[in-house]
Amino acid sequence: MEKRIPRHVSIIMDGNGRWAQARGKRRVQGHVEGVESVRAVVEAAAEEGVEYLSLYAFSEENWTRPKEEVSFLMDLMVSSIEKEIGSFIEKGVKCVVLGNRARLGEKIDAALRSMEERTAGGKRITLIVFLSYSGRWDILQAVKKAAAEHPEGLSALTQEDFSEYLVTAGIPDPDLLIRTSGEQRISNYLLWQSAYTEFVFTDVLWPDFRKAEFHKALEEYAGRDRRFGKVK
Ligand code: IPE
Ligand code: IPE
Ligand code: MG
């Protein structure tokens, strides 16, 4: 049987802190190791022919973490971009960052913009990084934008129209959502977009999630029966 490859795979990359703590290291060392998993999974997804890979990197709620951890994460983001950008361009990876960009500060936003511009020609896979993102924030900003554009009111607005106001406009909804670290919750991620997404939960912590784990999740997806509410 031909293997069913999801067009859009999304991942809640969780468990970095626990990975580090289990090794007697500082939590942030888990984030550093997690970058290696990102590299491995981007490669695996491109090899498998996945068109969109999206990663939940930092939630709106994550701003409430100790400020040392937040600033470490932001610095790590910028230094990882600088390190990876050459290989992204070479491999045809187009990068897009979605979320409440206004909260990130000019230095980080500029680094992200430069990454988006320099990789814009990538044709092999689109890598979407959700940064300072939350599903409720997304829905609310979409409502406000839609209302501003339609002073006559929103009564004619369809679901398809509304989707175009979300930050994911133009991107297909995720077919598969993987969450690592054993937690089985959505943590305010793609609330609207995950209406018919298949979920795969694994106990593996994000820094240990590499190509073999990614392939395992794709296999589990291939065995799922997606009905979208219909009778088959
Ligand atoms: C995921 O790992 C990374 C982010 C949320 C930024 P965590 O930092 O949440 O690690 P745990 O869940 O505390 O182990
Ligand atoms: C979800 O992980 C957010 C990201 C992976 C970026 P959290 O660690 O923040 O989620 P909770 O607090 O366990 O729900
Ligand atoms: Mg966590």
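Q: In this predicted model, which residue in β6 is the bridge partner of Leu176?
A: Strand β5 covers residues 176-179, and 4 bridges join β5 to strand β6 (residues 198-201) in a parallel arrangement. Leu176 therefore has a place in a pair of strands, as pairing requires at least two bridges. The bridge partner of Leu176 in β6 is Glu198.

Q: Which residue stands opposite Leu176 in β1, the strand of residues 8-12?
A: Strand β1 runs parallel to β5, and 4 bridges join the two. Opposite Leu176 of β5 stands Val9.

Q: Are the residues on the two faces of strand β5 buried or exposed?
A: One side of β5 carries Leu176 and Ile178, and the other carries Leu177 and Arg179. Both faces are covered. All four named residues, Leu176, Ile178, Leu177 and Arg179, are buried.

Q: How many Å separate an oxygen atom of ligand 2 from an N or O atom in the side chain of Arg185?
A: Arg185 belongs to the residues that surround ligand 2, which also include Asp14, Tyr56, Asn62 and Arg179. Oxygen atoms of ligand 2 lie 2.9 Å from a side-chain N or O atom of Asn62 and 3.3 Å from one of Arg179. For the side chain of Arg185, the distance is 2.8 Å.

Q: What percentage of the area that ligand 2 exposes when taken alone does the protein bury?
A: Ligand 2 has an oxygen atom 2.8 Å from a side-chain N or O atom of Arg185. Taken alone, ligand 2 exposes 390 Å². The part of this area buried by the protein is 78%.

Q: Which strand gives the most to the shell around ligand 2?
A: Ligand 2 sits in the largest pocket. Its surrounding residues include Tyr56, Ala57, Phe58 and Ser59. With 4 residues, the element that gives the most to this shell is strand β2 (residues 52-59).

Q: What percentage of the accessible area that ligand 1 has on its own does the protein cover?
A: A backbone N or O atom of Gly15 lies 3.4 Å from an oxygen atom of ligand 1. Side-chain polar atoms of Arg18 and Arg65 each lie 2.7 Å from an oxygen atom of this ligand. Of the 380 Å² of accessible area that ligand 1 has on its own, the protein covers 87%.

Q: Which element gives the most to the shell around ligand 1?
A: Ligand 1 sits in the largest pocket. Helices α1 (16-21) and α2 (27-48) each supply at least two residues of its shell. With 3 residues, the element that gives the most is α1.

Q: How far apart in space are Pro151 and Gly17, C-alpha to C-alpha?
A: Gly17 is one of the residues around ligand 1, whereas Pro151 lies in the loop between α5 (135-149) and α6 (159-163). Pro151 counts as exposed because its relative accessibility is 76%, against a cut-off of over 50%. The two residues are 134 residues apart in sequence, and their separation in space is 47 Å.

Q: Is Ser132, in strand β4, buried or exposed?
A: Ser132 is found in β4 (residues 125-133), and its phi is near 55°, a positive value in a residue other than glycine. Its relative accessible area is 0%, so Ser132 is buried.

Q: What is the approximate phi of Ser181?
A: Ser181 is located in the loop between β5 and β6. Because its relative accessibility is 7%, Ser181 counts as buried. Although Ser181 is not a glycine, its phi is positive, at about 80°.

Definitions and conventions
Residues numbered from 1 in each chain as written. Chains lettered and ligands numbered in written order. Predicted model: local features only at pLDDT ≥ 70, side-chain atom pairs only at ≥ 80, totals over all residues. Heavy atoms only, no water. Buried < 20%, exposed > 50% of the residue type's maximum accessible area, 1.4 Å probe, protein only. Near = heavy atom within 4 Å. Polar contact = N/O pair within 3.5 Å; in protein donor to acceptor, adjacent residues only side chain to side chain. Areas by Shrake-Rupley, 256 points an atom, 1.4 Å probe, with all protein chains shown as cover. 1 Å grid on protein atoms, 1.4 Å probe; cavity = no way out; pocket = protein on both sides within 12 Å on 5 of 7 lines; lining within 4 Å. Sits in = over half its atoms within 2 Å of the grid points.
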